[in-house]
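Below are some notes for a colleague who is about to work through this model. They are set out as numbered points, to be read alongside the coordinates.

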Amino acid sequence: MDSEALGKTEAALIAARREHLERLRTRSGDPFAQTRYPVDATAAELTARYGFLEPGQDAPAEGWNVAGRLLGKRTMGKSIFADLQDSSGRLQLYVKKDDIGESAFADWQDLDRGDLAGVRGYMFRSKMGEPTLHVTASTVLGKSLQPLPDKWHGLQDVEKRYRQRYVDLIMNADVRDTFLQRSRIVAEMRRFIDAHDFYEVETPTLLHVAGGAAARPFLTHANALDQEMQLRIATELNLKRLIVGGIDRVYEIGRIFRNEGIDTTHNPEFTMLELYCAYWNVHDMLEFNEALLARLVEVVTGGKTGIAHGDLTLSFARPFARAGYFDLMAQHSDGTLTREQLLDPHGAAAALQTLGLPPSPTHGHALDKIFDRIVQERLVQPTFVMDYPAVISPLAKRKASDRDLVDRYELFCAGMEISNAFTELNDPDDQRARFEAQAKQRAAGDREIPEPDWDFVRALEYGMPPTAGIGIGIDRLVMLLTASASIRDVILFPLQRQHG
């Protein structure tokens, strides 16, 4: 069917639905005037509660009120079978004219797929074995003026699915379940963290200088101040200011904004957990990180330690694997990429050329691109990558035994970075020197390098205790735990090009 014919068909369907709405208003009153319905059970609860019923058996002594959306209707003379969907699942309804009366039954003739209704009735099991609510009273609670796709066949455009997420949620139980699972995962994260005596806080989204990561910020303007502002690219620097201020265990789960590309693991707006603990080092944080993820996997899987990933099972049994940054570089380049070469800016540039990658504006940028190309996708099972070079870790404390490295790890799984943690740099002079070096890199053309936040250096001059910090990308973690292929599948309303 061409687009013109399809448009005419949709227009006819919408016109018919509006006619049905007018008949409902004339007969029983405006469905949109309803303000509440006394729901006392869900579809899932009733299906579970009456699982004992045998085919043909009913339980008329108990009545229940259920509300939801009609997703199917089959009229057979003076009776109707319908499917009602609420947030818990679907329930079959049986509506009989003799039970609900002529006027209410006439209302059912004007109900369309997608309409909202409240029903009261008792449970029975149909002769076909389907748990069913025998309706004794009903109320129309809302009218769907737009026709729903025919079992999703009419909305296969992926971009349209994301743009009309409300339809996606109505039609696809697995999509709805993913987002309910996301909510449970975040709630369990909070329970786990709170149980370790951390305090949740909120820090500003609008900043004069967005720091704490290597990313381009979004720019905006504060009219009241007549100043250009930046949306935060991390919560790190403000959370460490709170450590300076004496809140020793602090975290934030918040939206982060990075003006970067969009792909299966990146969205310019995403959710990050950042957590800081005074008097911990990176090894304490690694143990905490490992315990947190193991717990989340148990919750999602019902006590198991494995997560399905394609044909593989990802094992989150502790301890996770650990490997050195430069050891992995050498291992996956057959020994051709050595620490000595990569720590030399000219050697890193030569490695880029050998790999067929474009030149990078800075040494650190080159190392990131090399690691992404030869190592990251090979890290399938949960792996802590340890001992990063200082040149790509401007906020981490140097290793006492090796000044070229820092006490930092990143956790990779399924080829994605899941978390990033380190012992925090608390020497204000060292931090100032690194910011100065970053300023030179920014001037050399790396626009992902943030402007220095000199007030943060001043905060460190008041004294910050030894501290470990971690950032965990919530969206990628949910992707992992729900076997989702794209970050846009776990963000309710991902950023898209404006339509129409």
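1. A definition is needed before the sheets can be discussed: two strands are taken as paired if DSSP finds at least two bridges between them. Please also keep in mind throughout that this is a predicted model.

2. With that criterion, one open sheet consists of three strands in the order S7-S9-S8, and the pairing in this sheet is antiparallel. Strand S7 (206-207) and strand S8 (219-222) stand at its edges, and because each has a single partner strand, one side of each is left without a neighbour in the sheet. Between S8 and strand S9 (residues 227-231) there are four bridges in the antiparallel sense, and within this pairing His 221 has Glu 228 of S9 as its bridge partner.

3. A second open sheet has eight strands, ordered S6-S10-S11-S20-S19-S18-S15-S14, and here the pairing is mixed. Its edges are formed by strand S6 (199-200) and strand S14 (321-324), each of which has a single partner strand, so that one side of each lacks a neighbour in the sheet. Strand S10 (residues 249-257) and strand S11 (residues 269-278) run antiparallel and are joined by nine bridges, with Leu 275 in S11 serving as the bridge partner of Tyr 251.

4. Two helices should be considered together with the eight-stranded sheet. Helix H7 (residues 173-194) lies across S6, S10 and S11, and runs at about 155 degrees to S10. Helix H16 (residues 474-482) lies across S10, S11, strand S18 (408-413), strand S19 (416-423) and strand S20 (467-473), and its direction is at about 130 degrees to S19.

5. Is Asp 115, in the loop between helix H4 (102-109) and strand S4 (116-125), buried or exposed? Asp 115 counts as buried, because its relative accessibility is 0%, where the cut-off for that class is under 20%. A polar atom of the Asp 115 side chain lies 2.7 Å from the backbone nitrogen of Asp 112, and the side chains of Asp 115 and Lys 143 are joined by a polar contact of 2.7 Å. Leaving aside neighbours within four places in sequence, the residues in contact with Asp 115 include Arg 17, Arg 69, Asp 110 and Lys 143.

6. Arg 241, which lies in helix H8 (residues 236-244), also merits inspection. Its side chain makes polar contacts with the side chain of Asp 453 at 3.1 Å and with that of Asp 455 at 3.0 Å. Beyond neighbours within four places in sequence, Arg 241 is in contact with Asp 453, Asp 455, Phe 456 and Ala 459.

Note on methods. Residues are numbered from 1 along each chain as its sequence is written. This is a predicted model: local features need pLDDT of at least 70, side-chain atom pairs count only at pLDDT 80 or more; totals for chains, interfaces and linings use all residues. Side-chain values use heavy atoms; hydrogens and water are left out. Buried means under 20% relative accessible area, exposed over 50%, partly exposed in between (1.4 Å probe, protein chains only). A polar contact is a pair of N or O atoms within 3.5 Å; within protein, one must be able to donate a hydrogen and the other to accept it, and residues adjacent in sequence count only if both atoms are side-chain atoms. Contact means heavy atoms within 4.5 Å. Axes are lines fitted to C-alpha atoms, for helices over the stretch in contact, and angles run from 0 to 180 degrees between N-to-C directions.
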